[in-house]
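Open the model in your viewer and keep the sequence panel in sight. We will go from stop to stop, selecting as we go.

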Amino acid sequence: MNAKEIDQQTLLQNERDPLTHTPVHLLSLDGIAKHYGNIIALSEVTMAVDNGRVTCVLGDNGAGKSTLIKIIAGLHQHDAGILKVMGEERKFTSPRDALDVGIATVYQDLAVVPLMPIWRNFFLGSELTSGFGPFKSMDVEKMKEITLKELAAMGIDLRDVEQPIGQLSGGERQCVAIARAVYFGAKVLILDEPTAALGVKQSGVVLRYILQARDRGLGVIFITHNPHHAFPVGDRFLLLKRGKSIGYYDKKDITLDELTAQMAGGAELAELAHELEQLGGHGDVVKEVQGEVAEVAQTTGKTYG
Ligand SMILES: Nc1ncnc2c1ncn2[C@@H]1O[C@H](COP(=O)(O)OP(=O)(O)O)[C@@H](O)[C@H]1O
Ligand SMILES: [Mg+2]
């Protein structure tokens with residue numbers, strides 16, 4: 001296979017502070033591990049996130065994607081390894097800690113209040129007020145104005161921010177959440193499977209806003225199980241399987257076909273073919289699986305068996 005993995009040794013040394021010449025990433029994980037009781041949810045995970053770059057985390061169900069996010073977002077603590085934000089080691093004890101250093105997370109099941117207007121959702125928990133003391137009141141006009149302006153700046157054209165957010169499509173709601181994170185000064189934006197429940201067109205819309213956030217200088221972590229969504233927008237790809245990294249690539253060193261084949265798991269298909277053969281599986285089924293193995297082997301240049 002032609003895909004060249006990023007060397008784990010040099011990964012964390014690549015970007016350097018122009019003044020001190022020490023390695024500095026917006027966010028870096030070095031050998032991160034997490035277990036829940038006996039279950040090893042993550043082990044030895046190393047990756048970096050930089051300004052204006054999209055780091056994609058790919059993996060099937062149970063791969064450890066959500067666990068990884070929860071550690072970065074301050075919901076869970078890692079058991080081993082080093083998490084650094086702008087070169088400084090951190091261990092978050094609450095989501096507030098992560099938010100304070102500019103790490104914002106957009107979860108798949110967005111925490112929105114469907115009947116509330118878009119502008120209320122945009123400012124939820126961070127409402128603007130005017131006046132002070134007993135004369136303090138919500139500055140509604142200002143909040144509406146900012147919401148409209150910020151959404152427009154992300155290329156989201158809404159006629160009316162008074163509309164209940166529940167009337168927006170799933171994709172539009174994801175976009176509002178991204179615009180909100182950008183407005184409130186996020187440096188790292190984590191998106192947990194934002195396209196999983198969306199159709200092709202809606203997914204395209206969300207992918208566009210991921211690039212908008214990137215172009216505004218954020219470091220984006222894009223979680224997905226779909227290589228077709230990851231490849232066009234990603235700069236780096238971390239592949240997880242059962243809590244372990246099975247590859248970490250720079251875009252220039254991997255093709256979409258190779259990424260897809262890695263996700264499909266050529267080695268596992270080969271194993272399945274063997275097993276079916278040994279079980280005296282139906283000839284056609286075995287042949288079919290063997291055909292798939294050959295196909296994966298062809299795209300990756302690897303031989304399995
Ligand atoms: N709170 C938890 N307690 C026990 N096991 C968990 C917990 N959260 C996740 N796991 C286990 O850790 C592994 C990784 O899960 P997860 O991070 O949710 O994967 P993904 O998001 O990629 O589907 C799975 O085996 C899962 O069952
Ligand atoms: Mg998950």
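Select Met263 in this predicted model. Leaving out residues up to four places away in sequence, Met263 touches Leu58, Pro227 and Leu239. Colour those partners too. Met263 sits in helix H9, residues 256-264. Is Met263 buried or exposed? Neither label fits: Met263 has 19 C-beta neighbours inside 10 Å and counts as partly exposed, because being buried takes 20 or more. Now draw a distance from the C-alpha of Met263 to that of Lys241. It reads 8.9 Å, for residues 22 apart along the chain.

**Strand S3**

Leu58, one of the partners of Met263, takes you to strand S3. Select residues 54-58. Five of the five residues of S3 are buried. In a regular strand, side chains alternate between the two faces of the sheet. Check each side of S3 in turn. Val54, Cys56 and Leu58 lie on one side, Thr55 and Val57 on the other, and all are buried.

Which strands pair with S3 in the parallel sense? Strand S10, residues 219-224, does so over five bridges. Strand S11 does so over four bridges. For a landmark on the S10 side, find Cys56 opposite Phe222. On the S11 side, find Val57 opposite Leu238.

**The hairpin of S11 and S12**

Stay with S11, residues 236-241, and add strand S12, residues 244-250. The two run antiparallel, joined by six bridges. Click Leu240: its bridge partner in S12 is Ser245. Then look at the turn. Two residues lie between the strands of this hairpin, and Arg242 takes a positive phi near 45°.

**The hairpin of S1 and S2**

Go next to strand S1, residues 27-36. S1 pairs with S2 in the antiparallel sense, over seven bridges. Leu27 stands opposite Val49 in S2. This pair also forms a hairpin with two residues between the strands. Gly37 in the turn has a positive phi of about 60°.

Stop at Glu44, which lies in S2. Glu44 has a positive phi, near 55°, and is not a glycine. Glu44 is partly exposed, with 14 other C-beta atoms within 10 Å.

**Around ligand 1**

Now show ligand 1 and the residues around it. They are Tyr36, Ile39, Ala41, Gly59, Asn61, Gly62, Ala63, Gly64, Lys65, Ser66 and Thr67. Two elements give two or more residues to this shell: strand S2 (39-49) and helix H2 (65-72). Which of them gives the largest share? H2 does, with three residues. Colour the shell by class: four residues are nonpolar, six are polar and one is charged.

**Past H2: Ala73 and Met86**

Select Ala73, in the loop between H2 and strand S4 (80-85). Ala73 is buried, with 23 other C-beta atoms within 10 Å. Which residues does Ala73 contact beyond its neighbours within four places in sequence? Select Pro95, Ala98, Ile103, Thr105 and Ile190. Draw the C-alpha distance from Ala73 to Pro95. The two are 22 residues apart along the chain and 5.7 Å apart in space.

Move on to Met86, in the loop between S4 and strand S5 (88-90). Met86 is not a glycine, yet its phi is positive, about 45°. With 14 C-beta neighbours inside 10 Å, Met86 counts as partly exposed.

**Helices H6 and H7**

Select residues 170-183 for helix H6 and residues 200-215 for helix H7. Their axes come within 8 Å and cross at roughly 10°. That angle makes H6 roughly parallel to H7. Show the contact residues. From H6 take Gly170, Gly171, Gln174, Cys175, Ile178 and Val182; from H7 take Gln202, Val205, Val206, Tyr209 and Ala213. By class, this contact has seven nonpolar residues, four polar and no charged ones.

**Zoom out**

Finish with the whole chain in cartoon view. The protein has eleven helices and twelve strands. Of its 305 residues, 38% count as buried. How much of the contact set links residues 24 or more positions apart? Such pairs account for 67% of the contacts with a separation of 6 or more.

Key:
Residues numbered from 1 in each chain as written. Chains lettered and ligands numbered in written order. Predicted model: local features only at pLDDT ≥ 70, side-chain atom pairs only at ≥ 80, totals over all residues. Near = placed C-beta within 6 Å. Nonpolar A, V, L, I, M, F, W, Y, C, P; charged D, E, K, R; others polar. Axes fitted to C-alpha atoms, helices over the stretch in contact; angles between N-to-C directions. Parallel < 35°, antiparallel > 145°, perpendicular 65-115°, else oblique. Contact = placed C-beta atoms within 7 Å. Buried ≥ 20, exposed ≤ 12 C-beta atoms within 10 Å, placed from the backbone. Pairing = 2+ DSSP bridges.
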